[in-house]
Amino acid sequence: MTADPIEYGLLKENAKSNRKNMTEAESAFWSLIKGNALGERCLRQHIIGDYIVDFLFRRSKLVVEIDGEYHESQAQIERDFNRTEEIERMGFHVLRFTNKQVLYNIEEVLEIIRVSLNREI
């Protein structure tokens, strides 16, 4: 799935910047799953449609989003809900975790992801 050609260049630059400036939780998560650590290659800051997702397991069509505190506001919760719905309409499955879940309960996060990666598509 590619973005609108007019917006793609901007999204590509933003994705590149995001890869260079990961949050602590994103960096910790990436260090555990990069390569083929969960049995499938993962991409970070990948463009899907008009969105940049935090992590994508392309073969399984699994998106993993790691949300910081600003995602707790009502307005952002609604934007995230709409974003998730749009991405799922494109055929992807979206999992969302908080920074705290990733930093303090990573084994549970990884287990949820493992189960999702092994589900039938």
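**Entry 1: the aromatic rings**

I looked up phenylalanine 29 and found that it is buried, with a relative accessible area of 0% (buried is under 20%, exposed over 50% and partly exposed in between, with a 1.4 Å probe and protein chains only). I noted that this is a predicted model, in which local features need pLDDT of at least 70 and side-chain atom pairs count only at pLDDT 80 or more, while totals for chains, interfaces and linings use all residues. I also noted that residues are numbered from 1 along each chain as its sequence is written, and that side-chain values use heavy atoms, with hydrogens and water left out.

I then looked for ring pairs and found two aromatic pairs in the structure. In one of them, phenylalanine 29 and phenylalanine 55 have ring centres 4.8 Å apart and planes at 65 degrees, so I entered this pair as edge-to-face (rings of Phe, Tyr and Trp, the last by its six-membered ring, pair if their centres lie within 6.5 Å; planes under 30 degrees apart are stacked, over 60 edge-to-face, the rest tilted). The pair joins distant parts of the chain, since I found phenylalanine 29 in helix 2 and phenylalanine 55 in strand 2, 26 residues apart (helices, H or I of at least four residues, and strands, E of at least two, are DSSP runs numbered from the N terminus).

Phenylalanine 55 is buried too, as I read a relative accessible area of 1% for it. Tryptophan 30 also pairs with phenylalanine 55, and I noted this pair as stacked, with 6.1 Å from centre to centre and 20 degrees between the planes. Here again distant parts of the chain are linked, with tryptophan 30 in helix 2 and phenylalanine 55 in strand 2, 25 residues apart. I read 15% relative accessibility for tryptophan 30, which therefore counts as buried. Taking the ring pairs together, I wrote down Phe29, Trp30 and Phe55 as a cluster.

**Entry 2: the salt bridges**

I asked how many salt bridges there are, and the count came to five (a side-chain nitrogen of Lys or Arg within 4 Å of a carboxyl oxygen of Asp or Glu). One of them joins arginine 59 to glutamate 40, and I noted 3.4 Å between the closest N and O atoms. I placed arginine 59 in the loop between strand 2 (51–57) and strand 3 (62–67), and glutamate 40 in the loop between helix 2 (24–33) and strand 1 (43–48), so that this pair links distant parts of the chain, 19 residues apart. I compared the exposure of the two partners: arginine 59 is exposed at 60% relative accessible area, whereas glutamate 40 is buried at 3%.

Next I followed aspartate 67, which forms a salt bridge with arginine 96, the closest N and O atoms lying 2.8 Å apart. Aspartate 67 is in strand 3 and arginine 96 in strand 4 (residues 93–98), so I recorded that the pair ties together parts 29 residues apart in sequence. By relative accessible area, I entered aspartate 67 as buried at 9% and arginine 96 as partly exposed at 26%.

Arginine 96 also forms a salt bridge with aspartate 80, where I noted a closest N to O distance of 3.8 Å. Because aspartate 80 lies in helix 3 and arginine 96 in strand 4, I recorded a tie between parts 16 residues apart in sequence. Aspartate 80 counts as buried, at 8% relative accessibility. I therefore drew Asp67, Asp80 and Arg96 as one network, linked by salt bridges.

**Entry 3: charges on the surface**

I found a negative surface patch formed by Glu7, Asp50, Glu85, Glu86 and Glu88 (patch residues have over 30% relative accessible area and no salt bridge, and like charges are joined within 9 Å). Helix 3 (residues 74–89) gives this negative patch its largest share, three residues. I located glutamate 85 in helix 3, and I read a relative accessible area of 33%, which makes glutamate 85 partly exposed.

I also found a positive surface patch, made by Lys12, Lys16, Arg19 and Lys20. Looking at lysine 12, I placed it in helix 1 (residues 5–20) and noted that lysine 12 is partly exposed, with a relative accessible area of 47%.

**Entry 4: isoleucine 112**

Last, I looked up isoleucine 112 and found it in helix 5 (residues 106–117). Isoleucine 112 counts as partly exposed, at 33% relative accessibility. I noted that isoleucine 112 and leucine 95 are 17 residues apart in sequence, and 8.8 Å apart in space from C-alpha to C-alpha.

Definitions and conventions: Patches are made of residues with over 30% relative accessible area and no salt bridge: like charges are joined within 9 Å, nonpolar side chains (Val, Leu, Ile, Met, Phe, Trp, Tyr) within 5 Å. Accessible areas come from the Shrake-Rupley method with a 1.4 Å probe; for residues, only the protein chains shown count as cover. Lys and Arg count as positive and Asp and Glu as negative; His and the chain ends are not counted. The place of a charge is taken as NZ of Lys, CZ of Arg, CG of Asp or CD of Glu.
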